[in-house]
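Here are some short exercises to work through with the model open beside you. Try each task before reading its solution.

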Amino acid sequence: MTASTGPSTAPVAVRARVLDGRAERGRPAARAVPVVLAAAAITAQVVYPLVGGQARDAVTIATVVAFSAASLSHAVVHHGWRVGVAIGAVFAGGGLAVELLGVATGFPFGDYAYDQSRLGPTVGEVPLVIPLAWTMLGYPALVVARLTASSRLVGTAVGAIALAAWDLFLDPQMVAEGYWRWSSAGPHLLDGIPATNYAAWLGTAWLMMMASWHLTGAWTPDRVDLRVPVALYVWTWAGSALAHAAFFDLPQSALYGGVGMGVVVVAALVRTRTRPDGT
């Protein structure tokens with residue numbers, strides 16, 4: 001039985017759109033850019049446990065820059081400049097704003113301070129690499145959420161969990177390395193990191209997901225190659241769990257982060273296998 005023509009083809013036209021309804025998926029050379037940047041980010045992360053001192057600081061910065069560039073370039077190449085700018089504004093701009101508020105007031109994360117000498121240039125006592133860190137996994141978390149759920153209510157909740165769960169790895173590793181320190185009182189979940197920090201991450205991540213979900217418009221995952229952001233999210237989960245357990249002597253964060261991000265990974269993989277459209 002063949003498909004009819006006329007008005008019934010409208011859904012097909014809608015499905016053929018990507019995030020902003022206008023962007024093309026890019027030429028092969030352009031599509032290679034996020035792949036190369038993702039490979040560079042993963043390579044830098046593999047090197048990280050093998051070096052120390054200033055070399056480790058440089059690798060940390062290089063990792064965040066390459067990873068965030070991979071995320072942003074994928075958004076631009078596959079969804080268009082409007083979406084790329086929206087992703088940068090929400091995660092980098094929003095990340096910088098909440099970090100400036102946090103170090104100045106202790107809200108919402110608690111009392112903490114960055115080492116001003118190890119993570120490159122700063123603005124208001126916040127290293128500029130920090131808002132890029134929000135961007136590097138913010139976009140993959142959004143992609144995973146979009147693949148997992150079609151409704152905004154469920155999807156933004158999944159995206160918030162996907163991004164906040166990463167901090168179960170991030171904070172213990174970076175505190176152990178001395179990149180920032182905590183002075184908050186009250187209950188702590190891991191290595192002196194206050195439990196309020198994780199609650200604040202979840203709330204902040206949810207606001208970011210709400211904004212990015214709205215600004216990125218219609219979503220047609222069956223029409224866009226999403227392997228790079230999905231692979232980056234899965235790699236972050238698996239690589240971090242292995243590194244924390246085998247290299248950083250952080251078994252608690254290996255467990256908590258492994259379970260937290262792992263739940264999202266499993267949900268996304270199951271969902272993509274059971275979607276009616278086969279994606």
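**Exercise 1.** Which residues of helix 7 are buried, and what do they pack against?

*Solution.* This is a predicted model. Start with the buried residues of helix 7, which are Asn197, Tyr198, Ala200, Trp201, Thr204, Ala205, Met208, Met209, Ser212 and Trp213. Next, follow their contacts: the buried residues pack against helix 4, helix 5 and helix 6, along with strand 4, strand 5 and strand 6. Then check the helix span: residues 195–215 reach 31 Å from first C-alpha to last, close to the expected 30 Å. Finally, step just past the helix to Gly217, where phi is positive, about 65 degrees.

**Exercise 2.** Find the salt bridge partner of Arg56, and explain what the pair ties together.

*Solution.* Look for the acidic side chain that Arg56 meets: Glu177, at 2.9 Å from N to O. Now place both residues: Arg56 belongs to helix 3 and Glu177 to helix 6, so the bridge ties together parts 121 residues apart in sequence. Last, judge the cover: Arg56 counts as buried because its relative accessibility is 13%, under the 20% cut-off.

**Exercise 3.** Is Tyr256 buried or partly exposed, and which surface patch does Tyr256 help to make?

*Solution.* First, take the accessibility: at 32%, Tyr256 counts as partly exposed. Then look around Tyr256 for its patch partners: Leu189, Leu255, Val259 and Val263 join it in a nonpolar surface patch of about 440 Å². To finish, ask which element gives the most to this patch: helix 9 does, with four residues.

Definitions and conventions: Residues numbered from 1 in each chain as written. Predicted model: local features only at pLDDT ≥ 70, side-chain atom pairs only at ≥ 80, totals over all residues. Heavy atoms only, no water. Patch = residues over 30% accessible without salt bridge, like charges linked within 9 Å, V, L, I, M, F, W, Y side chains within 5 Å. Areas by Shrake-Rupley, 256 points an atom, 1.4 Å probe, with all protein chains shown as cover. Salt bridge = Lys/Arg side-chain N within 4 Å of Asp/Glu carboxyl O. Helix = DSSP H or I, 4+ residues; strand = E, 2+ residues; numbered from the N terminus. Buried < 20%, exposed > 50% of the residue type's maximum accessible area, 1.4 Å probe, protein only. Expected span 1.5 Å × (residues − 1). Contact = heavy atoms within 4.5 Å.
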